[in-house]
Amino acid sequence: MSAYQDAIQTLTALRDAQDGKWDTINPEYAARMQTQNRFRTGLEIARYTADIMRRDMAAYDADTSQYTQSLGCWHGFIGQQKMLAVKRHHGTTAKRYLYLSGWMVAAMRSQFGPLPDQSMHEKTSVPALIEELYTFLRQADARELGHLFKALDEARAAGDEVNARAVQDRIDNFETHVVPIIADIDAGFGNEEATYLLAKKMIEAGACCIQIENQVSDAKQCGHQAGKVTVPHEDFLAKINAVRYAFLELGVDDGVIVARTDSLGAGLTQKIPVSQEPDDLASQYNRFLETTAVSSADDVAEGDTLIKLDGALRKPVRLANGLYQFKPGTGEDRVVLDCITSLQHGADLLWIETEKPHVGQIAGMVNRIRKVCPDAKLVYNNSPSFNWTLNFRQQVFDAWEQEGRDVSAYDRGDLMNALYDDTELGRVADDWTRNFQRDAAREAGIFHHLITLPTYHTAALSTDDLAKGYFGEEGMLAYVEGVQRQEIRKGLASVKHQDMAGSNLGDDHKEYFSGEGALKAGGKDNTMNQFA
């Protein structure tokens with residue numbers, strides 16, 4: 001017997017035990033509502049999706065072709081439509097996640113209005129978006145199952161047992177749209193206690209995976225901008241601990257922590273950590289500082305800071321804003337130490353923020369990390385901040401030049417020119433871009449590929465196309481030809497926007513509650529029927 005039939009039997013027994021007081025309750029209707037609401041709390045979602053991520057991580061360790069992917073979504077509807085599209089085009093949501101970008105929360109969800117990615121938005125907006133995303137994903141489940149229940153009723157009414165069994169099988173094997181969310185907690189929004197409190201809210205909303213970065217919380221910058229300031233390892237590890245304690249307190253024992261390092265592009269630190277013994281983490285961090293030798297009191301100005309490094313007294317270079325400067329060229333070494341230290345102290349996955357998408361560069365760092373932590377693997381930002389076309393055309397150009405091929409037909413400084421779109425170099429660069437995720441998963445230890453801000457850009461692009469035509473000569477045809485006709489021909493559920501927003505679900509419920517007396521929005525006069 002199926003779980004659906006089991007639920008009907010259980011609810012029938014429960015109704016019958018009420019001495020007639022529940023006789024107007026239909027056990028099958030109640031079973032349908034239970035089936036449509038599989039997840040009752042965010043913590044249930046967090047535990048369920050954490051298990052998915054752990055299984056996916058193990059599968060990747062065994063076979064690097066089993067990498068995972070996500071797109072960043074700034075609204076519940078966008079996340080819902082993404083997962084509907086994934087199921088429609090690929091048949092399963094397996095290995096497809098959602099990404100919650102702190103940048104998009106700041107730019108699009110803050111009550112202050114659009115903000116730069118500097119952790120200035122309200123802390124509560126992050127768990128609120130997690131909850132919103134899962135609300136829309138659960139509604140997608142309810143809507144899709146509602147259509148299956150209607151198909152089951154129609155098959156039964158027609159006496160078609162074969163079709164009824166087929167529909168019942170689809171109900172019993174229904175795949176939820178609820179998938180893991182990798183959620184950005186930025187630099188933790190304060191000290192380790194603040195990080196712990198916010199992490200709890202995010203987990204309670206459904207987050208099974210929290211990404212945290214090693215920038216200074218009150219001076220946080222976008223990873224692709226200048227002025228980034230990192231914290232000593234001890235400070236960052238305390239925040240990793242805070243997130244782990246939040247997971248454990250809430251019973252999400254398999255919760256996943258992504259430790260992000262911005263050290264490759266960060267040349268500054270706010271703090272000089274205190275070393276307790278030779279060659280501890282503080283000592284290693286301080287050796288990266290730009291310092292000058294101190295031989296006498298004349299080398300020291302009023303207010304200068306002095307430290308002893310490897311037996312010698314040295315003065316760290318300090319800027320006018322009080323920040324300390326790292327030695328040039330130490331970024332990669334700092335990244336490697338950041339990653340090793342994070343994995344050794346409780347992080348599960350790494351995020352290395354780079355300035356370009358280059359498999360060789362990423363692999364070089366990962367291979368160094370894996371000498372100490374063999375199972376190290378990455379979450380990688382396939383960032384819209386990269387000019388992907390230019391980067392890969394330059395990489396092909398440089399590779400060909402190194403091979404001794406004639407590249408005189410190409411101007412490396414002008415490779416974005418549309419003239420190169422249909423050239424051999426342009427086509428090869430597009431192939432490298434197409435294969436980047438596969439190649440990087442195999443060669444550079446990338447378990448999860450995400451695009452942080454894709455739906456920000458798709459919303460801007462599609463709105464621009466519509467506005468250009470609708471307010472121009474095309475008029476209404478711009479919407480009809482460019483939007484509605486495309487929705488119909490591509491089979492998008494959104495063309496029936498009333499159904500997508502729950503109109504049919506509401507009608508079902510009104511019928512459950514009121515029977516024949518229900519005032520329903522559907523029927524022959526509903527204009528949604530034009531899209532049947």
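Buried means under 20% relative accessible area, exposed means over 50%, and partly exposed lies in between, with a 1.4 Å probe and protein chains only. By that scale Arg-393 is buried, at 3% relative accessibility. The structure is a predicted model, in which local features need pLDDT of at least 70 and side-chain atom pairs count only at pLDDT 80 or more, while totals for chains, interfaces and linings use all residues. Residues are numbered from 1 along each chain as its sequence is written, and side-chain values use heavy atoms, with hydrogens and water left out.

**Salt bridges**

Let us stay with Arg-393 for a moment. Asp-421 forms a salt bridge with Arg-393, and their closest N and O atoms are 2.7 Å apart. A salt bridge here is a side-chain nitrogen of Lys or Arg within 4 Å of a carboxyl oxygen of Asp or Glu. This pair links distant parts of the chain, 28 residues apart: Asp-421 lies in the loop between H13 and helix H14 (424–434), and Arg-393 in helix H13. Helices (H or I, at least four residues) and strands (E, at least two) are DSSP runs, numbered from the N terminus. Unlike its buried partner, Asp-421 is partly exposed, at 41% relative accessibility.

Over the whole structure the search finds 31 salt bridges. The table sets out three of them.

| Salt bridge | Closest N to O | Accessibility of the first residue | Accessibility of the second residue |
|---|---|---|---|
| Arg-55 and Asp-51 | 3.0 Å | Arg-55, 48% | Asp-51, 35% |
| Arg-368 and Glu-332 | 3.6 Å | Arg-368, 31% | Glu-332, 32% |
| Asp-421 and Arg-393 | 2.7 Å | Asp-421, 41% | Arg-393, 3% |

Arg-55 and Asp-51 are 4 residues apart in helix H3 (residues 42–62), so about one helical turn separates them. The salt bridge between Arg-368 and Glu-332 links distant parts of the chain, with Arg-368 in helix H12 (residues 359–370) and Glu-332 in helix H11, 36 residues apart. Salt bridges also link Glu-28, Arg-32, Asp-153 and Arg-156 in a network.

**Aromatic rings**

The structure holds 15 aromatic pairs. One of them is stacked because the rings of Trp-388 and Phe-392 have their planes at 15 degrees, with centres 5.8 Å apart. For the cut-offs, rings of Phe, Tyr and Trp (its six-membered ring) pair if their centres lie within 6.5 Å; planes under 30 degrees apart are stacked, those over 60 are edge-to-face, and the rest are tilted. Trp-388 and Phe-392 sit 4 residues apart in helix H13 (residues 388–403), so they are separated by about one helical turn. Trp-388 is buried at 18% relative accessible area, and Phe-392 is buried at 3%.

Tyr-470 and Phe-471 form an edge-to-face pair, with 5.1 Å from centre to centre and 80 degrees between the planes. Here Tyr-470 is partly exposed at 41% relative accessibility, and Phe-471 is exposed at 69%. Back at Trp-388 and Phe-392, ring pairs link these two with Tyr-380, Phe-386 and Phe-436 into a cluster.

Charges meet rings as well. The charged end of Lys-87 sits over the ring of Phe-174, 4.3 Å from its centre, and that of Arg-405 sits over the ring of Trp-400, 3.9 Å from its centre. The test asks for NZ of Lys or CZ of Arg within 6 Å of the ring centre and within 35 degrees of the ring normal.

**Cavities**

A cavity is a set of points, on a 1 Å grid over the protein atoms alone, where a 1.4 Å probe fits but cannot get out; lining residues have an atom within 4 Å of a point. Grid points are joined across faces, edges and corners, and the volume is the space filled by probe spheres set on the points. The count comes to 3 cavities of 30 Å³ or more.

The largest cavity has a volume of about 60 Å³. Its lining consists of Arg-143, Gly-146, His-147, Lys-150, Asp-499, Asn-504, Leu-505 and Asp-508. Helix H6 (125–157) and helix H19 (503–514) each supply at least two residues of this lining, and H6 gives the largest share, 4 residues.

The second largest cavity has a volume of about 40 Å³. Helix H9 (233–249) and helix H11 (331–344) each give two or more residues to its lining, which includes His-233, Phe-236, Asp-338 and Thr-341.

Methods. On a 1 Å grid over the protein atoms alone, a cavity is a set of points where a 1.4 Å probe fits but cannot get out, and a pocket is an open set with protein on both sides within 12 Å along at least five of seven lines; lining residues have an atom within 4 Å of a point.
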